[in-house]
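Hi,

Here is the structure I said I would pass on. Have a look at it first, and then read my notes below.

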Amino acid sequence: MTDIKRVGVVGCGLMGAGIAEVCARAGVPVTVVERDAEAARAGLLRLTRSLDRAAAHGKLGAERREAAAALITVVDQLEALHDHDLVIEAVAEDQRLKVEVFTRLDALITQDHTLLATNTSAIPVIRLAAATGRPDRVIGLHFFNPVPVLRLVELVPSLLTSPSTTARAEDFVTRTLGKEVVRTRDKAGFVVNALLVPYLLAAIRMVETGSATVEDVDRGMVLGCAHPLGPLALADLIGLDTTRAIAESLYAEFREPQYSPPPLLSRMVEAGLLGRKSGQGFHTYDSQPERERAAPASQR
Ligand SMILES: NC(=O)c1ccc[n+]([C@@H]2O[C@H](COP(=O)([O-])OP(=O)(O)OC[C@H]3O[C@@H](n4cnc5c(N)ncnc54)[C@H](O)[C@@H]3O)[C@@H](O)[C@H]2O)c1
């Protein structure tokens, strides 16, 4: 039986919201921390809408939806996590930002048994563990997007993670959350992104060099390989900023051209074309960005 009774999540974007949702749906109280009050409001809206979607699609009965919603708290103070048993960091893929979060968590957590996890896609876990005085209790738990739907979690112990931390984290993820794990060494990109990202970047290069249109690249992989999404639609779903950040970490680690972010990807990120989350990437999306929708009109 797991000893993890309360979970904290740092960041309530695409991934943090999804991780919080699966914890709550598994009956675990979860506190999510955003960087300020407005972002916390947007995060709560994101979570509520996702629970509503699950209910509307018959994946969650009305009672379970209410029970899950009641287990979620979204706040803007990291200190709220001081007595939680597991804290999962899911802020943007930026090493400096993540190190700052780990340093602060290490200083404010009062319990020795608390585990700290990162949902990083490609930053080596040891770099974050080394910012704490408890590297034996730090581990990578790499969830996949959308978290309520995709069953995989990559379990990434660093060189200093203790076997008991790995066992407790695996137990929580598999038994409590009902996910499947693959274990991987602490190398940038782990298993899935080390394979996936060069493919996404190759698709972007095809469009950049005019070999094929966005629509044809995506149709090719959907119709020809039975992928549920084409690579450009998938990059939009991941977020083009996150895709570029993952590519940069992979390139910094391996120095192989296949991981180097194509200029088109960088220009799109610099232009604010981030994919689904901004409404425009390689494809156009109807919905307004959640952060804007959450903000009162006077603040837009
Ligand atoms: N997008 C994906 O498909 C995907 C998949 C697996 C893993 N990841 C990883 O998950 C992490 C988060 O990615 P995302 O796609 O959710 O990004 P995102 O941009 O959607 O969300 C990041 C959130 O972190 C918040 N944040 C920033 N600084 C903060 C702070 N100091 N305290 C609290 N919150 C803060 C931001 O306000 C934002 O809401 C990244 O490390 C990414 O690589 C992403």
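Which residues line the second largest pocket? Keep in mind that this is a predicted model. The lining is made up of V22, R25, A26, K59, R64, P148, V149, L150, R151, L177, G178 and K179. Sorted by class, six of these residues are nonpolar, one is polar and five are charged. The pocket itself holds about 180 Å³ of space.

Next, the overall layout. The domain assignment splits the chain into domain 1, residues 7-183, and domain 2, residues 193-284. Nine residues from domain 1 and seven residues from domain 2 take part in the contact. Putting the two domains together buries about 710 Å² between them, and 58% of that area is on carbon and sulfur atoms. Their centres, taken over C-alpha atoms, are 26 Å apart.

Now for the backbone, where a few spots caught my eye. As background, most residues other than glycine have a negative phi, and most peptide bonds are trans. Here are the places that go the other way.

The peptide bond between N145 and P146 is cis, with omega at about 0°. P146 sits in the loop that runs between β6 (138-143) and β7 (152-157), and N145 lies in the loop between β6 and β7 as well. Is N145 buried or exposed? N145 counts as buried because its relative accessibility is 19%, and the cut-off for buried is under 20%. Setting aside neighbours within four places in sequence, N145 is in contact with L14, M15, L150, L237 and I238. One of these contacts, L150, also appears in the lining of the second largest pocket. For a longer distance, take N145 and T103: these are 42 residues apart along the chain, and their C-alpha atoms are separated by 26 Å.

Then there are two positive phi values to check. F190 has a phi of about 50° although it is not a glycine. You will find F190 in the loop between β8 (180-183) and α7 (192-208). With a relative accessibility of 7%, F190 counts as buried.

A226 is the other one on my list, with a positive phi of about 60°, and A226 is not a glycine either. It belongs to the loop between α8 (214-225) and α9 (231-238). Is A226 buried or exposed? A226 is exposed, because its relative accessible area is 64% and the cut-off for exposed is over 50%.

Some individual residues in helices are worth a click too.

P231 is in helix α9. The relative accessible area of P231 is 1%, so P231 is buried. What does P231 touch, if residues up to four places away in sequence are not counted? The list is Y199, L200, A203, V217, D218 and M221. For D218, the C-alpha to C-alpha distance to P231 is 6.0 Å, with their positions 13 residues apart in sequence.

A42 is part of helix α2, which covers residues 37-56. A42 is buried, given its relative accessible area of 5%. G13 is 29 residues away from A42 along the chain, and the C-alpha atoms of the two are separated by 8.7 Å.

E208 is found in helix α7. How accessible is E208? E208 has a relative accessible area of 34% and is therefore partly exposed. Not counting residues up to four places away in sequence, E208 touches P262, P263 and L264. As for L265, it is 57 residues from E208 in sequence, yet the C-alpha to C-alpha distance is 9.0 Å.

If you want a short viewing order, try the cis bond between N145 and P146, then the positive phi of F190 and that of A226, and finish with the pocket lined by V22, R25 and K59, among others.

Cheers

Key. Residues numbered from 1 in each chain as written. Predicted model: local features only at pLDDT ≥ 70, side-chain atom pairs only at ≥ 80, totals over all residues. Heavy atoms only, no water. Helix = DSSP H or I, 4+ residues; strand = E, 2+ residues; numbered from the N terminus. Buried < 20%, exposed > 50% of the residue type's maximum accessible area, 1.4 Å probe, protein only. 1 Å grid on protein atoms, 1.4 Å probe; cavity = no way out; pocket = protein on both sides within 12 Å on 5 of 7 lines; lining within 4 Å. Points joined across faces, edges and corners; volume = space filled by probe spheres on them. Nonpolar A, V, L, I, M, F, W, Y, C, P; charged D, E, K, R; others polar. Domains from an automatic or database assignment. Contact = heavy atoms within 4.5 Å. Buried area = accessible area lost by both parts, 1.4 Å probe.
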